Amino acid sequence: QKGSDEATDRLVFANARSLYDTYDQSGFFGEGLGSASTGSRYGGKIKGMRTWQENGLSKIMVELGIIGLLAGTLLFATIARSLWSQLQVMPRAAPEFLMFAGMVGIIAANFASFLISHQAFGDPFLVTFIGLLLGVLRSAVRWPE
């Protein structure tokens with residue numbers, strides 16, 4: 001039990017601390033799109049020492065600021081609520097339910113990965129695949145038809 005509590009505390013503290021540090025270095029409006037990309041430090045645009053935005057929330061905040069972070073949080077909450085309501089409507093006995101639940105699991109796992117490290121999401125294939133899965137899941141209410 002102690003190990004799981006410690007992991008949760010580390011995750012919450014690391015995300016909260018990185019958001020605070022990002023706000024401290026980039027301000028309310030952030031630094032603009034692409035400023036937290038992997039190769040941005042080689043472009044010469046960013047002066048001085050910068051912390052490395054490792055997790056996805058701090059990357060959103062450094063690029064889009066607090067307003068962008070709030071908009072991203074609202075977007076995630078809307079998507080999660082939509083998937084949850086679809087999960088409640090879909091009949092449990094339908095064979096499509098298992099496929100739907102598996103795809104939701106893939107989306108949830110990728111979101112958890114994004115909370116820890118955003119670097120995988122620089123790959124266009126992964127972002128396209130997740131977008132495709134979300135589109136397929138949004139049409140799931142029509143699968144039985």
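A helix here is a DSSP run of H or I that is at least four residues long, with the numbering taken from the N terminus. In that sense N110 lies in helix α3, and I would like to start from this residue, keeping in mind throughout that what we have in front of us is a predicted model.

Is N110 buried or exposed? Its relative accessible area is 17%, and because the cut-off for buried is under 20%, N110 counts as buried. If we leave aside residues up to four places away in sequence, N110 touches F121, L126 and I130. Two of those names, L126 and I130, come back when we turn to helix α4, where they are buried together with L133 and L137.

These four buried residues cover an arc of only 60° around the axis, which puts them on the same side of α4. What do the buried residues of α4 pack against? They pack against α2, which runs over residues 56–89, and against α3, residues 95–116. On the face of α4 that is turned away from the buried side, we find the exposed residues P124, F125, T128 and L132.

A word on the geometry of α4 itself, which covers residues 124–138. With 15 residues, and at 1.5 Å a residue, the helix should span 21 Å, and since its end C-alpha atoms are in fact 21 Å apart, the expected and the computed values agree.

Let me now move to the aromatic rings, for which the count comes to three aromatic pairs; I will describe two of them. In F28 and F29 the ring centres are 5.0 Å apart and the planes stand at 85°, and because planes over 60 degrees apart count as edge-to-face, this pair is edge-to-face. As for accessibility, F28 is partly exposed at 36%, whereas F29, at 63%, counts as exposed.

The other pair, F125 and F129, takes us back to α4, and this pair is stacked, with 6.1 Å from centre to centre and 10° between the planes. How far apart along the helix are F125 and F129? They are four residues apart in α4, and therefore separated by about one helical turn. F125 has a relative accessible area of 61% and is exposed, which fits with its place on the face turned away from the buried side, while F129, at 33% relative accessibility, counts as partly exposed.

So, to bring α4 together, the helix has L126, I130, L133 and L137 buried, and it carries the stacked pair of F125 and F129.

Note on methods:
Residues numbered from 1 in each chain as written. Predicted model: local features only at pLDDT ≥ 70, side-chain atom pairs only at ≥ 80, totals over all residues. Heavy atoms only, no water. Helix = DSSP H or I, 4+ residues; strand = E, 2+ residues; numbered from the N terminus. Expected span 1.5 Å × (residues − 1). Buried < 20%, exposed > 50% of the residue type's maximum accessible area, 1.4 Å probe, protein only. Arc of directions from axis to C-beta. Contact = heavy atoms within 4.5 Å. Phe/Tyr/Trp six-rings, centres within 6.5 Å; stacked < 30°, edge-to-face > 60°.
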